[in-house]
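Please look at the sequence and the model below before reading on. The report then goes through a few of its features in turn.

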Protein chains: 6
Amino acid sequence: MELTHFDQSGKARMVDVTEKNETKRVAVATGRIVMQPETLALIRRGEMGKGDVLGVAQVAGVMGAKKTWELIPMCHPLLLTGVKLDYTLNDTENSITVQATVSTTGKTGVEMEALTAVSVAALTVYDMCKAVDKSMTIESIQLLHKSGGKSGIYSRGDK
Amino acid sequence: MELTHFDQSGKARMVDVTEKNETKRVAVATGRIVMQPETLALIRRGEMGKGDVLGVAQVAGVMGAKKTWELIPMCHPLLLTGVKLDYTLNDTENSITVQATVSTTGKTGVEMEALTAVSVAALTVYDMCKAVDKSMTIESIQLLHKSGGKSGIYSRGDK
Amino acid sequence: MELTHFDQSGKARMVDVTEKNETKRVAVATGRIVMQPETLALIRRGEMGKGDVLGVAQVAGVMGAKKTWELIPMCHPLLLTGVKLDYTLNDTENSITVQATVSTTGKTGVEMEALTAVSVAALTVYDMCKAVDKSMTIESIQLLHKSGGKSGIYSRGDK
Amino acid sequence: MELTHFDQSGKARMVDVTEKNETKRVAVATGRIVMQPETLALIRRGEMGKGDVLGVAQVAGVMGAKKTWELIPMCHPLLLTGVKLDYTLNDTENSITVQATVSTTGKTGVEMEALTAVSVAALTVYDMCKAVDKSMTIESIQLLHKSGGKSGIYSRGDK
Amino acid sequence: MELTHFDQSGKARMVDVTEKNETKRVAVATGRIVMQPETLALIRRGEMGKGDVLGVAQVAGVMGAKKTWELIPMCHPLLLTGVKLDYTLNDTENSITVQATVSTTGKTGVEMEALTAVSVAALTVYDMCKAVDKSMTIESIQLLHKSGGKSGIYSRGDK
Amino acid sequence: MELTHFDQSGKARMVDVTEKNETKRVAVATGRIVMQPETLALIRRGEMGKGDVLGVAQVAGVMGAKKTWELIPMCHPLLLTGVKLDYTLNDTENSITVQATVSTTGKTGVEMEALTAVSVAALTVYDMCKAVDKSMTIESIQLLHKSGGKSGIYSRGDK
């Protein structure tokens, strides 16, 4: 077991994927912002026409996915061919779950792009609401599923 | 209680802070990457000279803090005057805690910059280790403390 | 009358403003996207809850304003302290007018930031609607008003 | 007729083009900067060796085309394979027409890249000349022609 | 003999490579930072666990390679498939040689990406050490080798 | 003697300059591109109206200076208030010397900005001419002079 992002002398590198084939790849990631009930209520009201927090987070998430290679040092640049984000509001635990699905046809996967989309969308929700609730936390940013490439399919819960 | 990032008609805007004073501001944020024990062991070994995962995450976190205004749509650009990140390895819960401290002298706070530094550093750890552990999760990204500005000091746990 | 962005030998430069004072500065710019009546109707419907074209353009315009110094070669970087955009839908000429107001406290003005915000917002409207109307045109991008700095106030129509 | 940049619930997304074929694509866009006769004369003089406004705009336009995916939220990143800009000076209406031609081999078209190149070049002309003429306006940014992709050829004036 | 980055009227352009084939391409570049013996000793100590200058330069060089198309106006964007940097410390002339190897599969070569990686890594070494040695110089940034594309192999020393 | 960009445990950080005063700062850096005599002749011809290599390098250098904080990991963002570049063509050694002067009013110096401007301008010359001369080398990138800040004036050759 080794960390592929380092060479034999331990120096960080962008792994050489020149010889890999281009395959269709999809990755799905999620994360959750937990907040005060009043904050969730404010966001929900926004959905009905005034102050659309999730609309802004949506745009931020899509744009963030495209910037992944600029943020994560050893990530390969990729031509994303699809990015979408979905939100689920949960009144029991006063949270919003963000789910991002990213696709490409390329030599490496889009796991980092999906995780970055979720992170940037969640941070944007924090930013838009921090004037009323600084105690929000971002939880459980994780990869749910990915397909494509030599390592094939991964689903959360797989060994 | 209202979301200041929207105007009266509900349109998103960058809040006008022209009339605010420049004050010294500091924000501290944290987050945690939970992983397999083997992954934590690999990272620890890297610290001893080969494949320094946290060294790469360090650079990514500092650079990420500087890009906050590009990622979070309604964030004001700021001249950061200090960014540092610290890591704590926890063998009981197989996790690494990232803590970022960001300072500036400016008209708005650096909460988002500290939260972004933590997020980007944590995502970088994920990226560097995902070849051996795709099940890692990023937990509890949150603001610990901030000082400066009209709203003064916030410490986690405050009402 | 001379172009200040060139030195005496004709080479482009970023004008030296080191000795200028920081003053409060505001600039207002506008532009207009002219389209088919069906396209305008689609956008209006979006405002009522599905497919919010202007919401996306809003975010793009604010983020575009912050990137002005990266796009316009001789522009000085500035710490924008406020950016807002407004839209007026005009059914007579089937157009949408975008108006951007940008503020800062700095050594140079924010005219280019306001004009860039308008341009990026208008291009975003084009992008969001081009599947149904490639014939849209962007018209009359212009500075309406600016204040602050040694040259003082400019209002469109002034000599 | 629908806006493809939104999903069925009205949320903005980057349209999924994973299954589309890569084809050769070209787009041509234009725009016009209208100015005072003295401003046009100054720019023309620059062309003859001192203060080359259009030379700077040329570089800005090419670099702007490459940044389209960073500016326009739902634009796909693309590997541009050619960008050129041409200028026509018109003494009758005291204007400069910018024309940009952008090519790629890819899954989506380069209309937005051509329109962005024109916009950034025109804004750069404004910036370089604004010390002598703040009344300039940018007019008629539009797509002239595009080829490639499933929707085939579009020429301005087509139904 | 002509400069391909200009059209027949002398205007700069991004050369049209639409019709070129994608081939595997590799480029190797080097450069050297010459410094005071004490500075070299400090960097060497850092390698042994405190203040890892070359570790930071490594990350900067990889990230710099990915930004080449943003920095060099007429460079084509490319999907880099591998970037690595190596350092050789030379105690005779008190210097560090940086060597970068960049690969891609694409329509144009990665010479500029390798030269940019070297330049950014060398500038980062300067930045990290300038508090103790402002007299460092960066020497002999050059292309050592490149392969792929229609012009084939180039090795330094070739006619 | 210590490297300020690391904390006591050896971790890289952006040095905290919050408490420093803003002073006027200027830095001058130079570098040299050595080439074949035919290449220098081609560039000189360009200056007379066709294919202006140095005009493009000029724009690249100014824009590169503004991107320094994005390229050099531990650099502080700064509001540059002036950037200019000058070129000297030397027929004896077939070289072009680039000199960059950068100014700001800020808490840290602009040495890295001047060195980056020179590097990016030199790389751009390489890029524009590499079709005819791949053997060019970039030499002697160095700081000539800097003023401002607590450490005061530095001139090359000072002890």
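The text that follows describes how two chains are related, how two helices pack and how two strands pair.

This is a predicted model, in which local features need pLDDT of at least 70, side-chain atom pairs count only at pLDDT 80 or more, and totals for chains, interfaces and linings use all residues. Residues are numbered from 1 along each chain as its sequence is written, chains are lettered from A and ligands numbered from 1 in the order in which they are written, and side-chain values use heavy atoms, with hydrogens and water left out.

Chain C is superposed on chain B (by least squares on the C-alpha atoms of residues with pLDDT of at least 70 in both) by a rotation of 120° with 0.0 Å of shift along its axis, and the RMSD is 0.0 Å. The two copies are thus related as by a three-fold rotation axis.

In chain E, helices α2 and α4 (DSSP runs of H or I, at least four residues, numbered from the N terminus) pack with their axes 7 Å apart, at an angle of about 145°. These axes are lines fitted to C-alpha atoms over the stretch in contact, and angles run from 0 to 180 degrees between N-to-C directions; contact means heavy atoms within 4.5 Å.

| Helix | Residues |
|---|---|
| α2(E) | 53–66 |
| α4(E) | 111–129 |

Among the residues that make the contact are E:Ala57 of α2(E) and E:Val120 of α4(E).

In chain F, strands β2 and β3 (DSSP runs of E, at least two residues) run antiparallel and are joined by 10 bridges, where pairing requires at least two. F:Leu85 stands opposite F:Ala100 in β3(F), and F:Asn94, in the hairpin with four residues between the strands, takes a positive phi near 50°.
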